[in-house]
Amino acid sequence: MTDSPLQFLVTHGSGPLLFLVLVAGGLGLPFPEDPVQLAAGVLSHRGAMPLPAAIALCFAGVLCGDTVLFFTARRLGQALYTHRRTRRLFPPERRERIQGLYAKHGSRVVFVGRFMSVLRVPVFAMAAAEGMPFRRFLLWDGLALCLSSPLVVTLGYLGSASVDRVAKGVGRVEHFVALAGVAALLVVLAVRHAREKR
C-alpha cells in the first residue's frame with residue numbers, strides 16, 4: 001500500500017476520527033468520502049467495529065456533513081454565488097448547467113449529485129440557496145446514500161487485503177451505481193407518468 005490518506009486512516013483511524021473527516025468532507029474540505037468509507041470497511045474487517053456499525057457510522061457522517069453544508073448555503077442564500085469563499089465553486093458555466101438540471105429534473109438532481117464528486121458540493125449548495133425544502137433534500141440525499149455508502153464500505157471490507165486496488169476501482173463502481181440509480185429513477189417516473197395518463 002502506498003503512502004496515502006487511505007493508508008493513514010487505516011493505520012491510525014478510529015470511528016470518531018472517520019466520522020469527523022466525513023463531516024468535514026461534506027463541507028467541501030479536501031477529504032474525499034470514498035477513501036474514508038473504504039478505510040471504515042478495512043477497519044471493520046480487522047475487528048475495529050462490526051460491518052453494520054461501520055456502514056451506519058459512514059452513512060451518519062456523510063449525512064451530517066451534507067446537512068451542515070445545506071444549512072450553511074441556506075443561510076448565505078443568493079450571496080453564495082458572490083461570497084469570496086464560495087464563488088469559485090460557481091463559475092457561470094457550471095451554475096447554468098446545474099440550474100438547467102434543476103429546471104429539467106427538479107430535486108432528483110440531488111440524488112444524481114451524490115454520485116458526481118466534482119458537482120456534489122455545488123449541487124447540494126444550490127439546492128439550499130434556491131430554496132429546496134430540507135425534507136426533500138434529505139429524502140433524495142438519503143436515498144442515494146442508501147446505495148453508495150453500504151457499497152463503498154463493503155468494498156473496503158471485502159478488499160481489505162488489496163485496498164489500494166479497490167480504491168482505484170471505486171470510481172468505476174460508483175459510475176455503475178449512479179447509472180443504475182438513474183435508470184431506476186427513470187422507471188419510477190415512467191410508471192408514475194403512465195398512471196397519471198390513465
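## Annotated spans

The UniProt record, an unreviewed entry, lists residues 9-31, 51-71, 137-158 and 173-191 under "transmembrane region". Such annotations may be inferred rather than shown by experiment. The structure described here is a predicted model, and two of the listed spans can be set beside its geometry.

Residues 51-71 are 100% helix and 0% strand, and the C-alpha atoms at the two ends of this span are 30 Å apart. For residues 137-158, the composition is likewise 100% helix and 0% strand, with 31 Å between the end C-alpha atoms.

## Overall architecture

The chain contains 9 helices and 0 strands. Read from the N terminus, its elements follow the order α-α-α-α-α-α-α-α-α.

Of the 198 residues in the chain, 42% are buried. Among contacts between residues at least 6 apart in sequence, 75% join residues that are at least 24 apart. The exposed area of the chain is about 10,900 Å², and carbon and sulfur atoms supply 64% of that area.

## The enclosed helix α7

Helix α7 covers residues 120-129, and 10 of its 10 residues are buried, so this helix is largely enclosed by the rest of the structure. The buried residues are Arg120, Val121, Pro122, Val123, Phe124, Ala125, Met126, Ala127, Ala128 and Ala129.

The cover over these residues includes α2 (15-26), α3 (33-45), α4 (51-76), α5 (92-105), α6 (108-113) and α8. Just after α7, Gly131 adopts a positive phi of about 95°.

## A salt-bridge network around Arg114

Side chains of opposite charge can pair when their charged atoms come close. The structure holds 4 salt bridges. A network of salt bridges links Glu33, Asp66, Arg114, Arg120 and Asp141. Arg120 is also one of the buried residues of α7. Arg114 counts as buried because its relative accessibility is 1%, below the 20% cut-off.

Three salt bridges of Arg114 can be described in turn. With Glu33, the side chain of Arg114 forms a salt bridge of 2.7 Å, N to O. This pair links distant parts of the chain, since Arg114 is in the loop between α6 and α7 and Glu33 is in helix α3, 81 residues apart. Glu33 is itself buried, with a relative accessible area of 8%.

The salt bridge between the side chains of Asp66 and Arg114 has an N to O distance of 2.4 Å. Asp66 lies in helix α4 and Arg114 in the loop between α6 and α7, so the pair ties together parts that are 48 residues apart in sequence. Both Asp66 and Arg114 are buried. The side chain of Arg114 also meets that of Asp141 in a salt bridge, at 3.2 Å from N to O. Here the loop between α6 and α7, which holds Arg114, is linked to helix α8, which holds Asp141, across 27 residues. Asp141 counts as buried, at 0% relative accessibility.

## Ser149 in helix α8

Ser149 is situated in helix α8, which comprises residues 134-158. With a relative accessibility of 0%, Ser149 counts as buried.

The side chain of Ser149 makes a polar contact of 2.5 Å with the side chain of Gln37. Leaving aside residues up to four places away in sequence, Ser149 touches Gln37, Ile55, Cys58 and Phe59.

## A nonpolar surface patch

Leu27, Leu29, Phe31 and Val68 make a nonpolar surface patch of about 320 Å². One of these residues, Leu27, is placed in the loop between α2 and α3. Leu27 is partly exposed, because its relative accessible area of 37% falls between the 20% limit for buried residues and the 50% limit for exposed ones.

Technical notes:
Residues numbered from 1 in each chain as written. Predicted model: local features only at pLDDT ≥ 70, side-chain atom pairs only at ≥ 80, totals over all residues. Heavy atoms only, no water. Helix = DSSP H or I, 4+ residues; strand = E, 2+ residues; numbered from the N terminus. Buried < 20%, exposed > 50% of the residue type's maximum accessible area, 1.4 Å probe, protein only. Polar contact = N/O pair within 3.5 Å; in protein donor to acceptor, adjacent residues only side chain to side chain. Contact = heavy atoms within 4.5 Å. Patch = residues over 30% accessible without salt bridge, like charges linked within 9 Å, V, L, I, M, F, W, Y side chains within 5 Å. Areas by Shrake-Rupley, 256 points an atom, 1.4 Å probe, with all protein chains shown as cover.
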